[in-house]
Amino acid sequence: MRKILVVDDENDICDFVRNFFQERGYGVSVARSGEEAIELAKKDKPDLVLLDIKMKGIDGIATLKHLKEIDRKQKVIMVTALEDQDKMNEASRLGACDYITKPLVLDHLESAVEKNLGKDM
Ligand SMILES: [Mg+2]
């Protein structure tokens, strides 16, 4: 089973994305902060992380750095509320493999996940 870790500080988004991927046969774990995401990534070794950029505490960019320190091949798709090109450039420099924008369109979300799970890093 392919495992996805969903990281977002908004409960509604976590629930929505978890349900969507569980229905499609993925194993899904959820973290509501960067700190929680780092712990879960160590424990669960997800195939892919969907990572919100804007969070209280450790934000998505700082979380991405930690995730890459844990596993430099970790696949991470950044999720962003607005097109923030500076943040996206930084995320890509730090090794994020893709990004998607909110509001989330389920078709886009699924195709981004499928595409990046299929890639070798
Ligand atoms: Mg957020």
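Lys54 is exposed in this predicted model. Its relative accessible area is 70%. Because exposure is assigned over 50%, the residue falls in that class. Asp9 has a relative accessible area of 32% and is therefore partly exposed, as the value lies between the 20% and 50% limits.

Both residues serve the metal site. The magnesium ion is coordinated by Asp9 through OD, by Asp52 through OD and by Lys54 through O. The coordination distances run from 2.1 to 2.3 Å. Along the sequence, the donor residues follow the spacing D-x42-D-x1-K. Distant parts of the chain are linked in this way. Asp9 sits in the loop between β1 (3-7) and α1. Lys54 sits in the loop between β3 (48-52) and α3 (60-70). The two residues are 45 residues apart.

Helix α1 also packs against another helix. α1 spans residues 11-23, and α5 spans residues 106-117. Their axes come within 12 Å. The crossing angle is roughly 60°. The two helices are therefore oblique to each other. The crossing of α1 past α5 is right-handed.

Side by side, the contact residues are as follows. From α1, Phe16, Val17, Phe20 and Phe21 take part. They meet Leu106, Leu109, Glu110 and Val113 of α5. Seven of the residues in this contact are nonpolar and one is charged. No polar residue is found there. The charged residue is Glu110 of α5.

How values were computed: Residues are numbered from 1 along each chain as its sequence is written. This is a predicted model: local features need pLDDT of at least 70, side-chain atom pairs count only at pLDDT 80 or more; totals for chains, interfaces and linings use all residues. Side-chain values use heavy atoms; hydrogens and water are left out. Axes are lines fitted to C-alpha atoms, for helices over the stretch in contact, and angles run from 0 to 180 degrees between N-to-C directions. Helices (H or I, at least four residues) and strands (E, at least two) are DSSP runs, numbered from the N terminus. Angles under 35 degrees count as roughly parallel, over 145 as roughly antiparallel, 65 to 115 as roughly perpendicular and the rest as oblique. A crossing is left-handed if the near helix is turned anticlockwise from the far one by less than a right angle, and right-handed if clockwise. Contact means heavy atoms within 4.5 Å. Donors are N, O and S atoms within 2.8 Å of the metal (3.2 Å for Na, K and Ca); water is not among the atoms, so sites may look incomplete. Buried means under 20% relative accessible area, exposed over 50%, partly exposed in between (1.4 Å probe, protein chains only).
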